[in-house]
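Good morning, everyone, and thank you for making room for me. Please keep the picture in view while I talk, and stop me if a term is unclear.

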Amino acid sequence: MNVRTDVRMDKAQFFDRLERQERKHELADGRVVMLPYVTRPHSQICTKVMLALGARLEPTRFGIHGGEFAIDTGDRSIRFADIMVEPFTGENARSTANALLLVEVLSPSTMHVDFHEKLDEYKGLAALGSYLICAQDEARVWVWTRSEGVWPDAPDVIEGFNAAVEVPVLGITLPLAEVYRNVSVRG
């Protein structure tokens, strides 16, 4: 479960604190939040999505990041998505606000955050084109895609090993059979 602390700080203090922490944290509206450890299916799905993205995206155009690179989501928030794609910049930075695609793998303890708080913050990112939440117990992905500058009220739900997720901002398709291959989930 995410553990919200009473510790409050600004972004500069948060980044300074991160360098001395053993566990992963986020900054949510100025409050430090400790993130949970993940399960094997969670880790496997993250790896499969990153491999699928790496096979489809030109590395001189796009940077693909695991959950260690920060996303600047507002004046008082720093988030870490499980997977993030941004335009390749080559600069040495600690965070970006230019994410094109964000992917979270759903955990019971983070469901309310991924579907609500993070969704609202991520929708505020100017460059973001798609936000995906992948189930870890079945081949199911909730997909929000901005179209003509507008986010949908509800996500598309893509289900089953024969389905695929379209990511227009990157011009790619992610087959669920590839994302969920060899992961113990329901089809």
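**Charged pairs, a central strand and two cysteines**

Let me begin with E178, which is partly exposed, with a relative accessible area of 21%. Since I will use these words throughout, buried means under 20% relative accessible area, exposed means over 50%, and partly exposed is in between, with a 1.4 Å probe and protein chains only. Before I go further, please keep in mind that this is a predicted model, in which local features need pLDDT of at least 70 and side-chain atom pairs count only at pLDDT 80 or more, while totals for chains, interfaces and linings use all residues. Residues are numbered from 1 along each chain as its sequence is written, and side-chain values use heavy atoms, with hydrogens and water left out.

Which residue meets E178 in a salt bridge? The partner is R56, with 2.7 Å from N to O, and a salt bridge here is a side-chain nitrogen of Lys or Arg within 4 Å of a carboxyl oxygen of Asp or Glu. This pair links distant parts of the chain, as R56 sits in helix α2 (residues 40-56) and E178 in helix α4, 122 residues apart. When I say helix or strand, I mean DSSP runs numbered from the N terminus, namely H or I over at least four residues for a helix, and E over at least two for a strand. R56 is partly exposed, at a relative accessible area of 30%.

The structure holds six salt bridges, and another of them is between the side chains of E117 and R79, at 3.4 Å from N to O. Because E117 lies in helix α3 and R79 in strand β6 (residues 77-79), this pair ties together parts that are 38 residues apart in sequence. E117 is partly exposed, with a relative accessible area of 28%, whereas R79 counts as buried, at 1% relative accessibility. R79 and E117 also belong, together with E121, to a network of salt bridges.

Let us turn to the sheet. It is an open sheet of six strands, in the order β4-β7-β9-β10-β11-β12, with mixed pairing, where two strands pair if DSSP finds at least two bridges between them. Its edge strands, each pairing on one side only, are β4 (62-65) and β12 (156-159). Neighbouring strands of this sheet are turned by 15° against each other on average, direction ignored; axes here are lines fitted to C-alpha atoms, for helices over the stretch in contact, and angles run from 0 to 180 degrees between N-to-C directions.

How many residues of strand β10 are buried? In β10, which spans residues 130-134, five of the five are buried. In a regular strand, side chains alternate between the two faces of the sheet. In β10, S130, L132 and C134 are on one side and Y131 and I133 on the other, and all of these are buried, so that both faces are covered.

Strand β9 (residues 101-105) runs parallel to β10 and is joined to it by five bridges, with E104 opposite I133. Between β9 and β10 the chain passes through helix α3 (residues 111-123) in a right-handed β-α-β crossover, meaning that, with the strands pointing away from the viewer, the path from the first strand over the helix to the second runs clockwise. Helix α3 lies across β9, β10 and β11, and runs at about 165° to β10, where contact means heavy atoms within 4.5 Å.

Strand β11 (residues 140-145) pairs with β10 in the antiparallel sense, over five bridges, and a hairpin joins the two through five residues. Here S130 stands opposite T145, and C134 stands opposite V141.

C134 brings me to my last topic, which is disulfides. The structure holds zero of them, a disulfide being a pair of cysteine sulfur atoms within 2.5 Å. Why is C134 not bonded to C46? The sulfur of C46 is the closest cysteine sulfur to that of C134, but because the two are 7.9 Å apart, they are too far for a bond. C134 is buried, with a relative accessible area of 2%, and C46 also counts as buried, at 12% relative accessibility.
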